[in-house]
Every structure is written in structure tokens, then in C-alpha cells.
Amino acid sequence: MSLSLIQPLRSPALQRLLLLALILLGFGRVTWRLGVQNFWWDESLSLQRAEQPLWPLLRGELVLTDGFSDLPTIDQHPFFSFLLQGVLIRLAGEDEYVVRFPAAAAATLLAPALWALARRLTKQGALPEGAPGWAALLAAINPFYLWYGQEGRPYSLWALLAALSTYWLLRSLARGSSRWWDWAGYAVTLFAFLCTHYLAVFLLPLHGLIIFHRLAERNLRRAIMGAGAIALVGGAAALVAM
């Protein structure tokens, strides 16, 4: 392919248009027949949590029943995705489409989130120039995210928040361009990430390494303190999970 054909693909306007097309493709795939299948067992637990008042929802209270006896227990997942479902079902009803829509929205937004993350890494020289487009394309057509985007469970939201929290961290650590709202964005997305799935703690060592590497170039003491703060957050989240 000649340079004259490749050059238009570098146009920001064309890149945004292609990204929009991939977002629409992902949304169409994940919402098509979204409410056709009945709830399966785990989705019924999501609905039970979403229906609860705020405090039992945050605590993860569940009642398992076999039709003859009830067993009160605590869910194995934290609250954030069920909180979103709870807000939505109170606004739009409790059918399958509504309960699954937060997962579908998260799977759709994963394409632009990975595009933004890859673009940030491209600017820093860590990825080649075409990485953002490929990242968005693979997110939009990935059958794994299609599966979990059509299930009323936390997994697609977990993936989205992993990408967003890492993006905000890299943006916050950018030399000479970060602002307080970048750190606020990282704090909010990290908190939501940790409150969506307990296994989120396993991404924190990577965040700690990123913080240490970026800050060590400027101030070793701040680098150690930043990595230590992430370790404390991870330890606290692990204790809650236990």
C-alpha cells in the first residue's frame, strides 16, 4: 500500500469516525436480542441484590432457597455493579433487558476506553501508531466481551474499569500535563474497580510498578511512597474480600 493511501488513516477526523463506527458496531452486537433469554441462576442473584435496600445491597446480603428452606449468606462479589442495576430497575423495570443493560453498556464502552488507553501508551512510545485502532476493533468484535456483555453480571464492567483506571493513572503521571482532576479520575475509577470484583486487587501491583517507574525518574522517595500507598490500598481491599 502506498504512502498516499496510508496517510488519510492518520487524520484525527477519520480516526474519530472509525472509532464511532466501532462503538456503534459493538453496541449493536451486544444489545441485539439482549432480553430474549430468561435469567439464569447467577443473574437471578444479581436481580435479588439489585432489588434490595441500600445497606443490604452494600453488604452483599443474599438468601439462597431451594423452595423448602432459606439460607441467608453473603455474596462473593462487592456492590458497585448491583448498585447500578438497582438504580436502573427502579427507573425502567426488572425485565432481562434492563438488568443486563449495564453489562452491555460496559462492553460497548470498552472499545473507546481501550482506544484511549492505547493512544496514551502510543504517545509515550510504548505502543506502535496503529495500536489504538486495533485495540478498539478487537474490543468491539471480541466474542468474550459479547458473552459477558449480554449477562447481568459484573464482569464486563470490571474489564471497563480496569482499562479506565489504568488510563487515568497514566494520565495523572504524565510529566508537565497532569491536573488534580486526573488524580480524582484515577481515585474514582479505582474505587469503582475495587468495588466491582475482588480480583481487581491483582491489577494493583502493576499500578504500583507504573507509579514507581514514573516517579523514580523525578524523586525516589515519592516513588516509594506512591507505590507503598497502592500496596496499602490493595491490602485493605484484600482484607475486605477475606
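**Close-up views of a predicted chain**

**View 1. Asp-182 and its partner Arg-171.** Asp-182 has a relative accessible area of 1% and is therefore buried, a label given under 20% relative accessible area, with exposed meaning over 50% and partly exposed the range in between (1.4 Å probe, protein chains only). The model is a predicted one, in which local features need pLDDT of at least 70 and side-chain atom pairs count only at pLDDT 80 or more, whereas totals for chains, interfaces and linings use all residues. Residues are numbered from 1 along each chain as its sequence is written, and side-chain values use heavy atoms, with hydrogens and water left out. Asp-182 forms a salt bridge with Arg-171, the closest N and O atoms lying 2.7 Å apart; the term denotes a side-chain nitrogen of Lys or Arg within 4 Å of a carboxyl oxygen of Asp or Glu. This pair links distant parts of the chain, since Arg-171 sits in helix α9 and Asp-182 in helix α10, 11 residues apart. Helices (H or I, at least four residues) and strands (E, at least two) are DSSP runs numbered from the N terminus. Unlike Asp-182, which is buried, Arg-171 is partly exposed, at 26% relative accessibility.

**View 2. Helix α10 and the residues it buries.** The 15 residues of α10 should span 21 Å at 1.5 Å a residue, and the end C-alpha atoms are indeed 21 Å apart, which agrees; the expected span is 1.5 Å times one less than the number of residues. Buried positions in this helix include Gly-185, Tyr-186, Thr-189, Leu-190, Phe-193 and Leu-194, and the buried residues of α10 pack against α5 (80-92), α9, α11 (204-216) and α12 (220-241). Just ahead of this helix, Arg-179 occupies the loop between α9 (155-172) and α10 (180-194), where it is partly exposed at 42% relative accessibility.

**View 3. The largest nonpolar core, with Leu-190 and His-207.** This core has 36 residues, and those with the most contacts inside it are Leu-190, Phe-193 and Leu-194. Two or more residues come from each of α2, α6 (96-123), α7, α9, α10, α11 and α12, with α9 giving the most, at 9 residues. Such a core is a set of buried Ala, Val, Leu, Ile, Met, Phe, Trp, Tyr and Cys residues joined through side-chain atoms within 4.5 Å. When residues up to four places away in sequence are not counted, Leu-190 touches Ser-165, Leu-204, His-207 and Ile-230, contact being heavy atoms within 4.5 Å. His-207, in helix α11, is buried at 0% relative accessibility and, leaving aside neighbours within four places in sequence, is in contact with Ser-165, Thr-166, Leu-169, Tyr-186 and Leu-190.

**View 4. The salt bridge between Arg-49 and Asp-75.** The closest N and O atoms of Arg-49 and Asp-75 are 2.9 Å apart. Because Arg-49 lies in helix α3 and Asp-75 in the loop between β2 (70-74) and α5, the pair ties together parts that are 26 residues apart in sequence. Both partners are buried, Arg-49 at 0% relative accessibility and Asp-75 with a relative accessible area of 11%. The structure holds 4 salt bridges.

**View 5. A nonpolar surface patch that includes Ile-141.** Leu-25, Trp-134, Leu-138 and Ile-141 make a patch of about 410 Å², to which helix α7 (residues 131-141) gives the most, with 3 residues. Patches are made of residues with over 30% relative accessible area and no salt bridge, like charges being joined within 9 Å and nonpolar side chains (Val, Leu, Ile, Met, Phe, Trp, Tyr) within 5 Å; accessible areas come from the Shrake-Rupley method with a 1.4 Å probe, and for residues only the protein chains shown count as cover. Ile-141, which is found in helix α7, is partly exposed, with a relative accessible area of 38%.

**View 6. Leu-146 in helix α8.** Helix α8 (residues 143-149) holds Leu-146, which is partly exposed at a relative accessible area of 23%. Residues up to four places away in sequence being set aside, Leu-146 touches Arg-29 and Val-30.
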